[in-house]
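Here's a walk through one protein model, from how its parts fit together down to a few individual residues. Have the structure open as you read.

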Amino acid sequence: MDRFDFPLAKALTRRRLLAAGAGGAAATIAARALAADVDLSLPRGAGARPLTSDFPQKVTMILQRARPALLETPMEVFQQNLFTPNDRFYVRWHWGDMPNAIDVEAYRIRLFGAVNRPLSISLAQLLRMPRIELAAVNQCSGNSRGLFQPRVPGAQWGHGAMGNAKWMGVPLRHLLDLAGVRAGAVAIRVGALDKPSVPGAPDFEKSLAIDHARDGEVMLAFAMNGEQLPLLNGFPVRIVVPGWYSTYWMKTVDSIEVLESADEGYWMAKAYKIPKTPRAHVAPGTKDFPSEPINRMNPRSWITSLSDGAAYGYDPVLPIEGIAMGGDTGVTAVHISGDNGRNWIEAKLGPDEGKYGFRRFVGRIGVPRRGRVRLMSRCTNTRGEMQPMEPNWNPGGYMRNCVEPVTVALT
Ligand SMILES: Nc1nc2c(c(=O)[nH]1)N[C@H]1C(S)=C(S)[C@@H](COP(=O)(O)O)O[C@H]1N2
Ligand SMILES: [Mo]
């Protein structure tokens, strides 16, 4: 592919910018809310959230929590852009002690453990290495958790804990090959600059199987939609694991350890575990089940041209637009329905930007008369997996992927 001009000088400028804004960033993290509220239409009527523009490099986000920062993307952003703009891209951190300035000259990524030549890589070195670029959806494992019934603890996200971007970076395979992975290596464990804000709490670290880390697509990304990553999305470098939930997409990476035995750390062995059942579904209330670490994403779709609960002028032919994702594989088809799922018609798909990204769909639904209409979209991926009507449930509130109806009044 073309050599994208991503000069370090720009990164240095950014360092100064961040240094100048650092106090401001820290101060603004105790965000003021904008006057307007959004309603995430959560069950139990608890969906009202303030909007905020107080976070550095972000505009008009739904404020879920200020510290650690949990910012959700409003749905209209997905209607307006197939690639989510960096300044509208959602944000999630586990610990309040997230970096608010980076010294790009001192920044290093250490690669150590079961390797022949441990490495300490500067940003300048990383920017000279072979790079790839691909579109991929970054989706939190708990996206749409606020819709779980019965309710489960955790961030009560609507559907906006996701975003689609073109990620550019160095394949992790390249670095692992430079270091020389020893026979017997089974996994890599990635660590980052943020630190627990509670004494003795486990540092946020995630692991990937060594073969996955070496698949040529898992990358150390330094650019997002052709620009540096926003600080809150992991500047200067984050891991991108195409097709997998973004709990693995470590931000502000500073260490990669090659392990010879499975990672028994809290964030792999205890947290982010899902039932080993189809779609990670168990009967609501179930606590004991065989589990595994969360992994690949499943197909989803959303109607984005109409908002749930809104009123529109009646037209016998209602145009519909939305976005779909296949999970860890491409989208084969999206079907839409205007009669509560009895009849489905195939929507027209927009350009294919790569199997890990969002795919636009457009279609028309005949509406015989004025009144309320329940509209639905349903994605089928290239593996033949189709979004079901029934919601899945698990105590973590993970992997929701049922059909998400939108009800509108046509008057
Ligand atoms: N260093 C670091 N990386 C992290 C996290 C974190 O808390 N610290 N959270 C993970 C989780 S659970 C999610 S959903 C994504 C969110 O990515 P974003 O903030 O760029 O949207 O970051 C992942 N990477
Ligand atoms: Mo997440």
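## Where the two domains meet

Putting domain 1 and domain 2 together buries about 2,500 Å², with carbon and sulfur atoms giving 59% of that area. Keep in mind that this is a predicted model. Three residues stand out on the domain 1 side: Gln79, Leu82 and Phe148 supply 26% of the area that domain 1 buries against domain 2, more than any other three residues.

As for the bounds, domain 1 covers 1-271 and domain 2 covers 300-410. Their C-alpha centres are 28 Å apart, and the contact draws on 34 residues from domain 1 and 26 residues from domain 2.

## The mixed sheet

Now for an open sheet of five strands, which has mixed pairing and runs in the order 7-6-15-10-11. Which strands stand at the edges? They are strand 7 (119-122) and strand 11 (206-209); each has a single partner strand, so one side of each is left without a neighbour in the sheet. On average, neighbouring strands here are turned by 20° against each other, direction ignored.

Strand 6 is a good place to see both kinds of pairing. Strand 6 (residues 108-113) runs antiparallel to strand 7, and four bridges join the two. Five residues make the hairpin connection from strand 6 to strand 7. Looking at individual positions, arginine 110 has serine 120 of strand 7 as its bridge partner, while isoleucine 109 stands opposite isoleucine 121 in strand 7. With strand 15, by contrast, strand 6 pairs in the parallel sense, again over four bridges. There, glycine 113 stands opposite valine 258 in strand 15.

## A helix on the sheet

What packs on this sheet, touching strand 6 and strand 7? It's helix 4 (residues 172-179), which also touches strand 10 (187-192) and strand 15 (253-259). The direction of helix 4 makes about 135° with that of strand 7.

Four residues of helix 4 are buried, namely Leu172, Leu175, Leu176 and Ala179. Viewed down the axis of helix 4, these buried residues fall within an arc of 100°, so they line one face of the helix. Just after helix 4 comes glycine 180, with a positive phi of about 75°.

## The antiparallel sheet

There's another open sheet of five strands, this one with antiparallel pairing and the order 1-2-3-4-5. Strand 1 (37-39) and strand 5 (91-92) are its edge strands, each pairing on one side only.

At one of those edges, strand 1 pairs with strand 2 (residues 48-52) in the antiparallel sense, over three bridges. Valine 38 has arginine 49 of strand 2 as its bridge partner.

## A look at serine 291

Last stop: serine 291, which is found in strand 17 (residues 291-293). Is serine 291 buried or exposed? Neither, quite: its relative accessibility is 30%, and the partly exposed range goes from 20% to 50%, so serine 291 counts as partly exposed.

Leaving aside neighbours within four places in sequence, serine 291 is in contact with Lys273, Ile274, Pro275 and Lys276. Threonine 277 is 14 residues away from serine 291 in sequence, and the two are 8.4 Å apart in space, C-alpha to C-alpha.

Conventions: Residues numbered from 1 in each chain as written. Chains lettered and ligands numbered in written order. Predicted model: local features only at pLDDT ≥ 70, side-chain atom pairs only at ≥ 80, totals over all residues. Heavy atoms only, no water. Pairing = 2+ DSSP bridges. Axes fitted to C-alpha atoms, helices over the stretch in contact; angles between N-to-C directions. Contact = heavy atoms within 4.5 Å. Buried < 20%, exposed > 50% of the residue type's maximum accessible area, 1.4 Å probe, protein only. Arc of directions from axis to C-beta. Domains from an automatic or database assignment. Buried area = accessible area lost by both parts, 1.4 Å probe.
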